[in-house]
Amino acid sequence: HEYLHPSGYKIRLQKHPASTAYKLIGTAGEGTYCHKPSTVSGGGKSEISKSMNDAVIYGCIYTSDFETDMKMVRDIIERDYSSCFKPEYAKLQARSPSRNILSMDRSLGSVVKLLTPKNEYTKEHLDFIESIPYRISSIVFAIKRFYKPTWGEDWLSHFSVDIVNGAKGHELKLDGRKLAGSYLRVG
């Protein structure tokens with residue numbers, strides 16, 4: 001079902017392609033003008049209008065070793081980010097970078113930015129970002145995505161892996177439900 005607001009905003013309910021969850025998809029009734037001045041053959045003019053759906057793949061969120069990985073995740077979540085910006089950029093920030101990763105004052109997008117290299121960051125913070133394995137940042141993003149304030153500091157008890165043949169498995173679960181990640185295929 002799709003619903004259209006008089007303002008032109010369209011909303012629909014869509015099942016996630018890789019899980020049992022549903023999500024609301026909103027579409028603004030305004031077009032976006034995108035100018036690509038390439039006029040040569042093979043300049044990528046048609047690429048900018050293509051859907052990215054074919055480039056997104058879905059899969060499980062994996063851990064290498066649950067206890068070790070969750071210790072790394074805890075260190076990232078509890079880290080003090082107050083000095084992540086170079087001094088000349090720190091004063092330009094609208095909000096303090098020291099906000100806790102799980103704080104409701106910090107969005108998932110803000111966490112992604114915080115853990116993505118940028119010229120504005122200090123060398124120490126950039127080195128820290130480079131030291132984070134990809135699987136760990138995926139877990140941090142999943143925890144931020146599903147975190148509820150009622151969990152307080154006890155977020156870890158909601159995440160687990162199965163026991164397979166007496167050994168810990170590798171697929172991350174939230175309250176017993178497998179988590180699915182969306183990955184952009186590049187190249």
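1. Which residue of β3 does Gln14 stand opposite? Gln14 stands opposite Lys23, in a model that is predicted, where local features need pLDDT of at least 70, side-chain atom pairs count only at pLDDT 80 or more, and totals for chains, interfaces and linings use all residues. Residues are numbered from 1 along each chain as its sequence is written, and side-chain values use heavy atoms, with hydrogens and water left out.

2. The strands β1, β2 and β3 (DSSP runs of E, at least two residues, numbered from the N terminus, as are helices, which are runs of H or I of at least four) form an open sheet in the order β1-β2-β3 with antiparallel pairing, where pairing requires at least two DSSP bridges between two strands. Because β1 (2–4) and β3 (22–27) stand at the edges with a single partner strand each, one side of each is left without a neighbour in the sheet.

3. Three bridges join β1 to β2, with Glu2 partnered by Arg12, and the hairpin of these strands has five residues between them, including Gly8 in the turn with a positive phi of about 100°. Strand β2 (residues 10–15) is joined to β3 by six bridges, one of which pairs Lys10 with Thr27, and six residues lie between the two strands of this hairpin.

4. The largest nonpolar core (buried Ala, Val, Leu, Ile, Met, Phe, Trp, Tyr and Cys residues joined through side-chain atoms within 4.5 Å, buried being under 20% relative accessible area with a 1.4 Å probe, protein chains only) has 32 residues, of which Met70, Val73, Ile76, Ile143, Trp155 and Phe159 touch the most other members. Helices α1 (66–78), α3 (108–114), α4 (123–130) and α5 (134–146) each supply at least two residues of this core.

How values were computed:
Buried < 20%, exposed > 50% of the residue type's maximum accessible area, 1.4 Å probe, protein only.
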